[in-house]
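Me: Could you take a close look at one part of this model for me, the largest pocket, and tell me what surrounds it? I'd like the cut-offs along the way, please.

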Amino acid sequence: MILFGGLLLVAGVVLAVVGGGDVAGGWLLPGGLIAGGLGVLVAGVVARVRRRIAPVRAVARAHRTATGPEANPLRRARAVPGMLGATWRGRNPALPRYQLLLWGLALVYLVSPVDVLPEFQPLLGITDDIGVGAWLLTSVYAESGNYLAQRADHPDES
């Protein structure tokens with residue numbers, strides 16, 4: 001759709017430049033091609049953007065309206081060990097194993113004395129730890145909610 005709109009737009013511009021108004025119908029044909037091309041091009045871009053945003057909106061809507069077990073933070077915290085075990089054994093297809101490796105690396109980074117920004121720098125030293133910790137907590141929290149929702153939808157797979 002985007003390609004077709006672009007072709008119409010280019011054809012209209014070429015016809016307007018080459019013809020200079022001497023085309024049958026004056027400027028009506030090139031102007032129509034340009035307007036039609038722009039319309040189809042914009043419609044194609046809007047459709048592509050909406051297709052890419054739709055899954056993000058669906059996840060956000062599911063998290064906003066969550067009233068089941070995945071909405072309770074305490075249940076999410078209790079589900080973390082089961083989620084980690086299921087992922088390690090390959091029984092949680094929604095969470096790849098490399099995610100466990102990333103979480104482990106984040107934990108090691110938080111505990112280790114080696115930092116990108118050393119702690120003795122005022123205010124800056126703790127910002128890298130805060131960033132890594134925030135990512136770790138939000139990532140584990142979100143995935144535990146997804147794990148609980150998956151278990152609620154398919155209780156026989158847990």
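Reply: Happy to. The largest pocket has a volume of about 150 Å³. On a 1 Å grid over the protein atoms alone, a pocket is an open set of points with protein on both sides within 12 Å along at least five of seven lines, a cavity is a set where a 1.4 Å probe fits but cannot get out, and lining residues have an atom within 4 Å of a point. Grid points are joined across faces, edges and corners, and a volume is the space filled by probe spheres set on the points.

Before going further, please keep in mind that this is a predicted model, where local features need pLDDT of at least 70 and side-chain atom pairs count only at pLDDT 80 or more, while totals for chains, interfaces and linings use all residues. Residues are numbered from 1 along each chain as its sequence is written, and side-chain values use heavy atoms, with hydrogens and water left out.

Now to the walls. The pocket is lined by Val80, Leu84, Leu100, Trp103, Gly104, Leu107, Leu136, Leu137 and Val140. By class, that lining has 8 nonpolar residues, 1 polar and no charged; here Ala, Val, Leu, Ile, Met, Phe, Trp, Tyr, Cys and Pro count as nonpolar, Asp, Glu, Lys and Arg as charged, and the others, Gly among them, as polar. At least two lining residues come from each of α3, α4 and α5, and α4 gives the most, with 4. Helices (H or I, at least four residues) and strands (E, at least two) are DSSP runs, numbered from the N terminus. The chain has 5 helices and 0 strands.

The core comes next. The largest nonpolar core has 12 residues, including Val80, Leu100, Trp103, Leu136 and Val140, and those five names also appear in the pocket lining. Such a core is a set of buried Ala, Val, Leu, Ile, Met, Phe, Trp, Tyr and Cys residues joined through side-chain atoms within 4.5 Å. Buried means under 20% relative accessible area, exposed over 50%, and partly exposed in between, with a 1.4 Å probe and protein chains only. α3 (73–88), α4 (97–111) and α5 (127–153) each supply at least two residues of this core. In soluble globular proteins, nonpolar side chains tend to be buried together.

Leu136 is a good residue to follow here: beyond its neighbours within four places in sequence, Leu136 is in contact (heavy atoms within 4.5 Å) with Trp103, Ala106, Leu107 and Leu110. Of these, Trp103 and Leu107 are also pocket-lining residues, while Trp103 and Ala106 belong to the core.

There is enclosed space as well. The count comes to 2 cavities of 30 Å³ or more, and the second largest holds about 30 Å³. Its lining consists of Met83, Asn92, Ala94, Leu95, Glu143, Asn146, Tyr147 and Gln150, with α5 giving the most, 4 residues. This lining divides into 4 nonpolar, 3 polar and 1 charged. Among its residues, Asn92 lies in the loop between α3 and α4 and counts as buried because its relative accessibility is 5%. Not counting residues up to four places away in sequence, Asn92 touches Met83, Ala86, Thr87, Tyr147 and Gln150.

For the wider setting, buried residues make up 23% of the 158 residues in the chain.
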